[in-house]
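Q: Please take a close look at one strand in this model. I would like its pairing, its burial and the core around it, with the cut-offs stated.

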Amino acid sequence: MSEPFSITPADIEAAARRIEGHVLRTPLVPAPRLSDLTGATVLVKHENMQATASFKERGAVNKLLTLDDDERERGVIAMSAGNHAQAVAYHARRFGIPATIVMPETTPLVKVENTRSHGARVVLHGETLYESAQKARELAQAEELVFVHPYDDPAVMAGQGTIAREMLDDDPELEVLIVPLGGGGLMAGNAVAAKALKPSIELIGVEAALYPSFFNAINADDLPVGGPTLAEGIAVKTVGVQTLPIVSSLVSDIVLVGEDLIERAVYAYASLQHSLAEGAGAAGLAAMLKEPGRYAGRKVGLLLCGGNIDTRLLAAIMVRELEREDRIVAFRLTTADRPGLLGKVASLLGEQGANILEVSHGRLFLDVPAKGVTLDVTVETRGSAHSATIEAALRESGFAPHRVLPRGLAGRDLAEPGR
């Protein structure tokens, strides 16, 4: 291992002793259905089971417990739009330490209120985390508060590194660890811990394709950074100064995953592992879905590092995945307008075992004959083969079906190449 790094294996051992009893020693759970999906032997570290549903508690607790009496009395300040904010606020209240959290003005109200509910003073400032960080540093200097950085802090990094220590203690035969990458605190701590315990282990970092910050820094590339992502927990534009040397030295590869893969991974965790994963928490599985052959036959450890996902967003993802799997399909039918048409279509679909979700009945489209009508029918099916059977039955009955985007949205024919 190249030195010097800002943390050592001894720092992680000390952190493990320090945080014991303050955070949950989460289980490393075999995931047979995810294994079937990817072709690897998958084990999942369930950090979504922490009190605030994220691994951030480990670093926050370790940092808070390293403060001296004077620092504890003055209080701490952090900038965050989510998990770090809640972790610092929750444990600062437990330890009797005043906490101030600076959050962007665009932070969802539920996250603001959750942070306030843990007893923290919340300051809303700026449109971005960068602007919030500037405000947090100004307040830290003006009020003599201790700044708790979300990732670029040795105590925070060492606390996060206790995860890999637990994983290899539970299963020393792990061959690969796949770790989400934002600012790098999670990966840096776990890379140092894992390589100290098992030098042969392979470490894979995963970034959202919209935020390839480490990929750019390590590969001297200039891919664009920014945009709305489901994995907001790793949507970091600037990598850590202290985390970068560790990641560049110990991590074998950085994989970029698109939004479609992150959605699939969130869905797979919910439907196959029966676990809530936020976008960033599912990034490791998304990397496996991108390149399953890379991990086939190997024993892989995944970090489900957070489960704070909005329930409405989760519902939307679940429906979108049903659409991708052809379990929700929409057909546009064009035919002559005649009495009983809706009943005939409904009867035919019922005979085929399709569950009707939505019907849109239109007579005023200019591309339809004056005596004609279009029906956009969205149905629930058992999958692609069943959808094809339903489509064939509609065609044989003279309804000239065309596949369209679900929920009545007209669009490209989904049977086109390049779908």
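**Strand pairing and core**

A: Strand β2 runs parallel to strand β10 (residues 299–304), and six bridges join the two. The model is predicted, so local features need pLDDT of at least 70 and side-chain atom pairs count only at pLDDT 80 or more, while totals for chains, interfaces and linings use all residues. Residues are numbered from 1 along each chain as its sequence is written, and side-chain values use heavy atoms, with hydrogens and water left out.

Strands (E, at least two residues) and helices (H or I, at least four) are DSSP runs numbered from the N terminus; two strands pair if DSSP finds at least two bridges between them. H46 has L304 of β10 as its bridge partner. β2 also pairs with strand β1 (residues 28–30), here in the antiparallel sense over three bridges, with L28 opposite K45.

Because five of its six residues are buried, β2 (residues 41–46) is largely enclosed by the rest of the structure. Buried means under 20% relative accessible area, exposed over 50%, and partly exposed in between (1.4 Å probe, protein chains only).

The largest nonpolar core (buried Ala, Val, Leu, Ile, Met, Phe, Trp, Tyr and Cys joined through side-chain atoms within 4.5 Å) has 41 residues, and L34, I178, Y269 and L302 have the most contacts inside it. Among the elements that each supply at least two residues of this core are β2, β10 and α13 (259–272); α13 gives the most, with eight. Y269 touches (heavy atoms within 4.5 Å) residues including L34, V44, L302 and L304, leaving aside those up to four places away in sequence.
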